[in-house]
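Open your viewer and get ready to click along. We will go from one stop to the next, selecting a few residues each time.

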Amino acid sequence: MLTFTIRRLVLAVPTLLFISLVIFLLLELAPGDPMAQVPLTVPPEVKEKMREALGLGQPMHVRFWKWLVQFFWIEPQVLVDHYFGTTFSEGDLRVISWQTRSPVMDIVIQRLPQTLWVVGTAYVVGILIALPIGIYSAYRQYSWFDQAGTFISMVGFSVPPFFSGVLVIVIFSVNLGWFPSIYDTTLVVDDWESFRRQLLQMVMPVTVLALQITAQISRFMRASMLDNLNQDYVRTARAKGLGERTVVMVHVLRNSMIPVVTVIALGVPSIFGGAIITEQVFKVNGIGQLLIGAIQANDLPMVQTLTFIFAVLIVLFNLVADVLYGLLDPRIRYD
Amino acid sequence: MTDLTNPQPASAPRNQWLDVWDQFKSHRGALIGSVIFLLIIATVYVGPLIWRIDPQFLPQGRDFITLRDTRPIWVGLWDSSAKVNWAHPLGTDNLGRDTLARLMFGGQVSIAVGLTAMLLSLLLGTLVGVLAGFTRKLDGPLMRLTDLFLALPLLPLILVASLLFRESLSAAFGPEGGTFLLIVILIGITSWMPTARIVRGDVLALKEREFVLAARSIGTTNNKLILRHILPNVLSPIMVSATLGIATAIITESALSFLGFGFPPDFPTWGRLLNDGVDRLVSFPERSILPGVMISLTVLSVNYLGDGLRDALDPRIRGR
């Protein structure tokens, strides 16, 4: 198992390198000029100097290598410096955003908590709702509960977040006035009143994201439970006189959770992708909105770094899912 | 023993597709879904021939004041002061353009994008899948390519690419045609991977079957073998991914338009109309809700269609 994990980790390196190359080459084609906003009165020689200061004007492979060094070598050093007060990264050039002329990673770190709060809560809530629904609708297959669950999860699949978001804004924010329609990221939670406000503003984005997650995971849970309920070991467990509760909640559930856990792990990166749209609807000031803003402003280092972070998440959670599958299911050992 | 003395069956064997249709009929959701999907397509493509208001028509002068910002007629039921007009049953937008005509026009674009992108992704997926399953040498590289594509962050890349190539394609094919081509190609080349994996798996299993050996032994060439014997047998998973492909393509197109990376502003699609309505959500909620309902209804009906198709095309379920 350990050798398998190490082998997969080593294999992930060329994958990530290839992905970063694809992203880099795609952005090479971008027509934008970072000097477009500089006033016309600035003479061309100065503009050329400014362009060189941003690291442009060198051959493509040199810039790609520089970006790799900055991202994989200098940025971790900055992180270490930040936590331990060392000075490894002093004087090194970091990945600089063209919009703000400040390091990209600093902005990402500022924006990350908002996204993690909303997305993370939504994911946990979605899973907590989905599991019982999946278990019960499999146990009572073709009952009205199962039919209703199937319909609701179909709706959850089909209604895109940019519509369900607008819909809950119209209902709960415009007509009923229960929740604010805009997520206020400047809110500091220091007492009960601000905590209540934080909860209120999180309700709608979390609901919209959780609806999609619930739809997907409850389907998987149901299918996986159905596969296991007809197995011989279930009959054996019943025959030896175990209670129905023990049979379903211990014997069947533990075996059914194996594929579901991997699906949950695989879903984490796609949820970050989906959050791009939800953040836009509720004006959450997270990394999704940062990406949209950076694309519109032609801020290539920012776009490159953010897209690459998404890619790292995907590769990482694919790996996690594979390893979890091997750990949970002794029948599957990748040796 | 009577069977042996009379080898003629009593009736002709049933067509396989009749069995499929019987199973499909018994799935009520799928039947309703397909009817609704066909109705939406008919409304969107035939409707403009009956409802002959130009979606791009802008009323001028005095008409502009009287025609703009009308509400749908049902608003008049509870709000007698609302500005309603029977000539525009679904109301007009802030420039006086008819909402019903715009919804039908937007639907044409959204469904055309969905169908074309689905065809492209099926073509790519089937090609890669058949090549990888059939030729041993290509299997490894093609499947690694599929894995790599699956590891790409697709939505961010689509967003970036849709901004990068917009100018050049617009210059070559006009703003609308260029964007259409761009979105179709982007959705197509980012959604073929699941189809390729499924098709490869099926082809690998089919390749070892006796009928393929029989066909090969009478001297069938590889091309004929693929076209006549392999492809018809992988048709059912391809059809199921086709329906799901339409759904994802429509959602992706609407998401792009919603984020402002899709078609130009004066060219309505359902996602664009939804996005345009968001700014005046408080006074005119129907401007966002109507296109949103259309997107959701289309995707829902297509998903149910795919669900029923999957059950109907699976011979293990069909007998029951």
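This tour of a predicted model visits helix pairs, then loops, then the meeting of two chains.

**Stop 1: α4 and α5 of chain A.** Start by selecting residues 104-139 of chain A, which form helix α4, together with residues 144-158, which form helix α5. The two axes come within 8 Å and cross at roughly 135 degrees. Angles over 145 degrees would count as roughly antiparallel and 65 to 115 as roughly perpendicular, so α4(A) is oblique to α5(A). Which residues make the contact? Show the side chains of Ile133(A), Tyr136(A) and Ser137(A) on α4(A), then those of Phe145(A), Asp146(A) and Gly149(A) on α5(A). Colour this contact by class and you get 3 nonpolar, 2 polar and 1 charged residues. Now turn the view until one helix lies in front of the other: α4(A) passes α5(A) in a left-handed crossing.

**Stop 2: the loop between them.** Select Tyr142(A), which is found in the loop between α4 and α5 of chain A. Its phi is near 65 degrees, a positive value in a residue other than glycine. Is Tyr142(A) buried or exposed? Tyr142(A) counts as exposed, because it has 9 C-beta neighbours inside 10 Å and the cut-off for exposed is 12 or fewer.

**Stop 3: α4 and α10 of chain A.** Keep α4(A) on screen and add residues 287-296 of chain A, helix α10. Here the axes come within 8 Å and cross at roughly 130 degrees, which makes α4(A) oblique to α10(A). On α4(A), pick out Ile107(A), Val108(A), Arg111(A), Leu112(A) and Thr115(A); they meet Ile287(A), Gly288(A) and Leu290(A) of α10(A). By class, this contact has 5 nonpolar, 2 polar and 1 charged residues.

**Stop 4: the loop before α10.** Next, click on Lys283(A), in the loop between α9 (244-282) and α10 of chain A. Lys283(A) is not a glycine, yet it has a positive phi of about 55 degrees. Lys283(A) counts as partly exposed because 14 C-beta neighbours lie inside 10 Å.

**Stop 5: where chain A touches chain B.** Finally, show both chains. How many residues does each chain bring to the contact? Chain A gives 37 residues and chain B gives 32 residues. On chain A, the elements that give two or more residues include α1 (2-28), α6 (161-175) and α10. Select α11 (300-328) of chain A too, since α11(A) gives the most to this side, with 8 residues. Colour the chain A side by class to see 31 nonpolar, 6 polar and no charged residues.

Methods. Residues numbered from 1 in each chain as written. Chains lettered and ligands numbered in written order. Predicted model: local features only at pLDDT ≥ 70, side-chain atom pairs only at ≥ 80, totals over all residues. Axes fitted to C-alpha atoms, helices over the stretch in contact; angles between N-to-C directions. Helix = DSSP H or I, 4+ residues; strand = E, 2+ residues; numbered from the N terminus. Parallel < 35°, antiparallel > 145°, perpendicular 65-115°, else oblique. Left-handed = near helix turned anticlockwise from the far one by under 90°. Contact = placed C-beta atoms within 7 Å. Nonpolar A, V, L, I, M, F, W, Y, C, P; charged D, E, K, R; others polar. Buried ≥ 20, exposed ≤ 12 C-beta atoms within 10 Å, placed from the backbone.
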